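Visitor: Please choose one part of this protein and take me through it slowly, working outward from there to the rest of the fold.

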Amino acid sequence: MIKLDQFLKLVGIAPTGGQAKLMIIDGDVKVNGTVETRRGRKLVSGDRVTIEGQTFNVGDVIQ
């Protein structure tokens with residue numbers, strides 16, 4: 001498991017935790033097609049995160 005804000009930093013979308021927090025609070029991030037505003041949302045393998053037109057499969061990033 002990984003938290004949403006940590007995931008955004010890991011894939012390089014957000015350079016800092018503060019930047020990730022703002023992206024999430026602003027409603028720029030979707031998890032499994034739904035806007036997610038909780039930065040502590042726990043992601044598991046099989047979840048899909050979409051931001052800035054890019055979709056990441058959590059299972060492909062974390063092993």
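Guide: Gladly! Let's start with Phe 56 and its surroundings. Setting aside residues within four places in sequence, Phe 56 is in contact with Phe 7, Val 11, Ile 13, Asp 47, Arg 48, Val 49 and Ile 51; contact here means heavy atoms within 4.5 Å. Before going on, a word on what you are looking at: this is a predicted model, in which local features need pLDDT of at least 70 and side-chain atom pairs count only at pLDDT 80 or more, while totals for chains, interfaces and linings use all residues. Residues are numbered from 1 along each chain as its sequence is written, and side-chain values use heavy atoms, with hydrogens and water left out.

Back to our residue. Phe 56 counts as buried because its relative accessible area is 16%; buried means under 20%, exposed means over 50%, and partly exposed lies in between, with a 1.4 Å probe and protein chains only. Phe 56 sits in strand E6. Helices (H or I, at least four residues) and strands (E, at least two) are DSSP runs numbered from the N terminus. Another distance to keep in view is that from Phe 56 to Val 31: the two are 25 residues apart along the chain, and their C-alpha atoms are separated by 9.6 Å.

Next comes the strand that pairs with E6. E5 and E6 run antiparallel to each other and share 4 bridges; two strands pair if DSSP finds at least two bridges between them. Ile 51 stands opposite Gln 54 in E6. The two strands form a hairpin with 2 residues between them. Glu 52 lies in that loop between E5 and E6, and its phi is near 50 degrees, a positive value in a residue other than glycine. With a relative accessible area of 57%, Glu 52 is exposed.

Strand E5 itself, residues 48–51, has two faces to look at. In a regular strand the side chains alternate between the two faces of the sheet. Here, Val 49 and Ile 51 point to one face and are buried, whereas Arg 48 and Thr 50 point to the other and are not. Three residues of this strand have already appeared among the contacts of Phe 56, namely Arg 48, Val 49 and Ile 51.

Following the sheet across, E5 also pairs with E2, in the antiparallel sense, over 2 bridges. Lys 30 has Thr 50 in E5 as its bridge partner. Strand E2 covers residues 30–31 and is joined to E3 by 2 bridges, again antiparallel. Val 31, the residue whose distance to Phe 56 came up above, has Thr 34 in E3 as its bridge partner. Put together, 4 strands form an open, antiparallel sheet in the order E3-E2-E5-E6. Its edge strands are E3 (34–35) and E6 (54–57), each of which pairs on one side only.

The loop between E2 and E3 holds Asn 32. Like Glu 52, Asn 32 is a residue other than glycine with a positive phi, in this case near 55 degrees. Asn 32 is partly exposed, at 39% relative accessibility.

At the far edge, Val 35 is in strand E3. Val 35 is partly exposed, with 44% relative accessibility. Beyond the residues up to four places away in sequence, Val 35 touches Gly 27, Val 29 and Lys 30. Val 35 and Ile 25 lie 10 residues apart in sequence, with 9.9 Å between their C-alpha atoms.

Now we can step back to the whole protein. The secondary structure comes to 3 helices and 6 strands, in the order β-α-α-β-β-β-β-β-α from the N terminus. Of the 63 residues, 33% are buried. Among contacts between residues at least 6 apart in sequence, 39% join residues at least 24 apart. The C-alpha atoms fill a box of roughly 25 × 20 × 20 Å along the principal axes. The radius of gyration is 10 Å, which agrees with the value near 11 Å for a compact globule of 63 residues; the radius is taken over C-alpha atoms, and the globule rule is 2.2 Å times the number of residues to the power 0.38.
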